[in-house]
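Let us walk through this structure step by step, beginning with its surface and ending with the empty spaces enclosed inside.

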Amino acid sequence: MYTNFFYQLRQEGIPVSITEWMTLMEALYAGLANSSLSGFYYLARAILIKSESHYDQYDLAFQKYFQGVETPQALVDQVSKWLENPLPPKMFSEEERNALLEKLGLPDWESLKAALAERLRTQDSPHHGGNKWIGTGGTSPFGHSGFHPGGIRIGGKSYGQSAVKVAAERNYRSYRRDETLGVRQFEIALRGLRQFSTRVGGAKTELDLEGTIDETCRNAGKLKLVWTRPRKNAVKVIVFMDSGGSMYRYADICSQLFTAVHNASHFKDLQFYYFHNCIYDYLYLDAACDSRRTIKTQDLMSNLDSDYKAILVGDAAMAPSELLMVDGNIFWDMSNDEPGITWLKRLARKFPYNAWLNPIPKAQWNWTYGRQTINAIREIFPMYELTLEGLDQAIKKLMVRK
Amino acid sequence: MSNQLIFKGTEDYIVSDDLRNSVNISVALSRPLLIKGEPGTGKTVLAESVARSLGLKLIVWNIKSTTKAQDGLYVYDTVQRLYDSQFGDHDVSDIKRYIKLGKLGEAFTSEERVVLLIDEIDKADLEFPNDLLWELDVMNFYIPETGETISAKHRPIVIITSNAEKELPDAFLRRCVFHYIDFPNEEMMEEIVYVHFPDIQKKLLHEALKAFYWLRSIPGLQKKPSTSELLDWVQALAVGGIAPENITKELPFLGTLLKKNQDFDLTLRQLHSRGMDGREREKDKYFRSVMRGY
């Protein structure tokens, strides 16, 4: 039952597994949903969802699947006269509940909906304490103050806040992974960039316990200490960031990424350079793109090893001439003998571990301003959105050669 | 279900309905409860509250970056044994003497049901949670040195907290009940502060909360102030005898709330620009974008 809900969740991109689904079934049979929709909402969320970044997708799926489950007011009016003078709420004991559960089973939602429609057509008077018609204090699936394992409460006192309403509020929207978040989330994502190695140079300062025990035993129990180098992250990172011009509107997110990269203390080496729209003969040392503080791109490439992981950040949106033409540089006084695209290709060859992060949402890459240059650059560098999810993908890409 | 333990919260720990549900679900299904949430939302204190409310003993296993899964089960003190064999007068053929149970082993062998808190599981190595899968599932482990199997006498209630510093492996997540603790809203926060300072002035608290939530809503803050910082701040305000009407205007003792320089500057600028007209605000915006270097 509810099987379609399972597929609805997967359709929203939540990685729900069979194991978790079976756990939910187990919980439902144990009566943990308290026979209420809001109980079900929290129960299913606690068991099926394993990250707050999926809460929003869960809310959406829940909304889609259970839409219309909450009794509409018109229906309540129609039925309310049947529910007048209700029986006092009937408390079912644990055993009675289980017996009912055995007997009735859990209906699936579609047939339940059909049955309710049928009752509404055919019922013409109040029924209380029974097991079929809409009424109170009984074991019919419809009505209130009674018990049915998978029934629909109509009127009466609700348990807690309405689940569909909670789902519709979408309180967890801001936790989605495909929305950009903040410095801390970036930092966490950047921690994926590591490769531990004991081969990195340095003093042997750590006691190798296993080795020491081994050697001591070989030494007939006389202590012999063995030292080793500490495990260190061997990852080196070089970042090229587009600054100025069309990047103004992304300044916030870029500064967040900047802070996160600088806070990440686990890289063996970190280098930061700036460019304006495209990379040519010179790279800037600060974000203001001051032509007095530059470094030759060629020098940089010959000075650094190829094992640096290159991250390029920019919108890649520019006039085609800036990318493809000699002297295309937007700064007139900085002529270039070779087109920008040649420099980009050179960089990509020099640093085979590379990725381009683009603050423009991926959905717009094919029609926004600069689509020609975006697509030209995508052929050189694998391009990802500058969102948490994009960064995650980029980092996975950076750990392996293309 | 009949002899089931139901967690209802304790007097000194304000718990939301859905968190209470999650705890009860995890207890009923006997699956570990994984708690995530912003720092300062009371993840660790939850375990204490659960233990007290259910009247059970609490065993805390604090995870550090060097913690290995094995440490939680048992440690075989080979060095002590070696030492004893050379200099001691103990009988070293009894290996049992050198097996020391870890926190998980302690929870398994306890004579009564316990609450086991595995605190900040994400601090350890990536493989750590996976190494514990089997033990948490079947609640027993084998000690090859002595040929003993340690099985849980009573299935402990396992609560695991995580600060989301690392992604946890899927196989591990599949076995847990998960709950994300929301940052408390204003009403709930008011209750929380009252629990800590029962005789605080109502007006003062109200103004302080207003300022606190305004501060949290500033976009681009690098470290949002959390509950524990609010509590410090409220105490500072009360001790300092600040007039409630000045709190939102001047934000006194801001240093107790904000711990980063950039945040400090950002807040002061926001506070400043709240009182400016449109044109001045434009100028201020321009100034800020220049300052940021873009």
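Accessible area, as the term is used here, comes from the Shrake-Rupley method with a 1.4 Å probe. In this predicted model, chain B exposes about 14900 Å² by that reckoning, and carbon and sulfur atoms supply 50% of the exposed area. Chain B has 294 residues, of which 45% count as buried, where buried means under 20% relative accessible area. The chain is built with 14 helices and 9 strands. When contacts in chain B with a separation of 6 or more are considered, residues 24 or more positions apart account for 71% of them.

From the surface we can turn to the nonpolar interior. In soluble globular proteins, nonpolar side chains tend to be buried together. The largest nonpolar core in this model holds 83 residues, and within that core F5(A), L24(A) and F40(A) touch the most other members. Helix 3 of chain A, residues 37-48, contributes the largest share of this core, with 9 residues. To see how one of these residues is placed, consider F5(A): leaving aside residues up to four places away in sequence, F5(A) touches W21(A), F40(A), A44(A), Y58(A), A61(A), F62(A), Y65(A) and F66(A). Apart from the largest core lies another core, of 65 residues, which includes V235(A), M241(A), Y308(A) and L386(A).

What remains is the space that the atoms leave unfilled. Rolling a probe the size of a water molecule over the atoms shows where empty space is left. The structure holds 3 cavities of 30 Å³ or more, and the largest cavity has a volume of about 70 Å³. Its lining is made up of S26(B), V27(B), S30(B), R31(B), P32(B), R113(B), L136(B), M139(B), R155(B), P156(B), I157(B) and V158(B). Two elements of chain B, helix 1 (17-29) and strand 8 (157-162), each supply at least two residues of the lining of the largest cavity. By class, that lining of the largest cavity divides into 7 nonpolar, 2 polar and 3 charged residues.

The second largest cavity contains about 40 Å³ of space. Around the second largest cavity stand P32(B), L132(B), L133(B), L136(B), D137(B), F172(B), R175(B) and C176(B), and helix 7 of chain B, residues 133-138, gives the most to this lining, with 3 residues. The lining of the second largest cavity has 6 nonpolar and 2 charged residues, with no polar ones. P32(B) and L136(B) line the largest cavity, and P32(B) and L136(B) also appear in the lining of the second largest cavity.

Methods: Residues numbered from 1 in each chain as written. Chains lettered and ligands numbered in written order. Predicted model: local features only at pLDDT ≥ 70, side-chain atom pairs only at ≥ 80, totals over all residues. Heavy atoms only, no water. Core = buried A, V, L, I, M, F, W, Y, C linked by side-chain atoms within 4.5 Å. Buried < 20%, exposed > 50% of the residue type's maximum accessible area, 1.4 Å probe, protein only. Helix = DSSP H or I, 4+ residues; strand = E, 2+ residues; numbered from the N terminus. Contact = heavy atoms within 4.5 Å. 1 Å grid on protein atoms, 1.4 Å probe; cavity = no way out; pocket = protein on both sides within 12 Å on 5 of 7 lines; lining within 4 Å. Points joined across faces, edges and corners; volume = space filled by probe spheres on them. Nonpolar A, V, L, I, M, F, W, Y, C, P; charged D, E, K, R; others polar.
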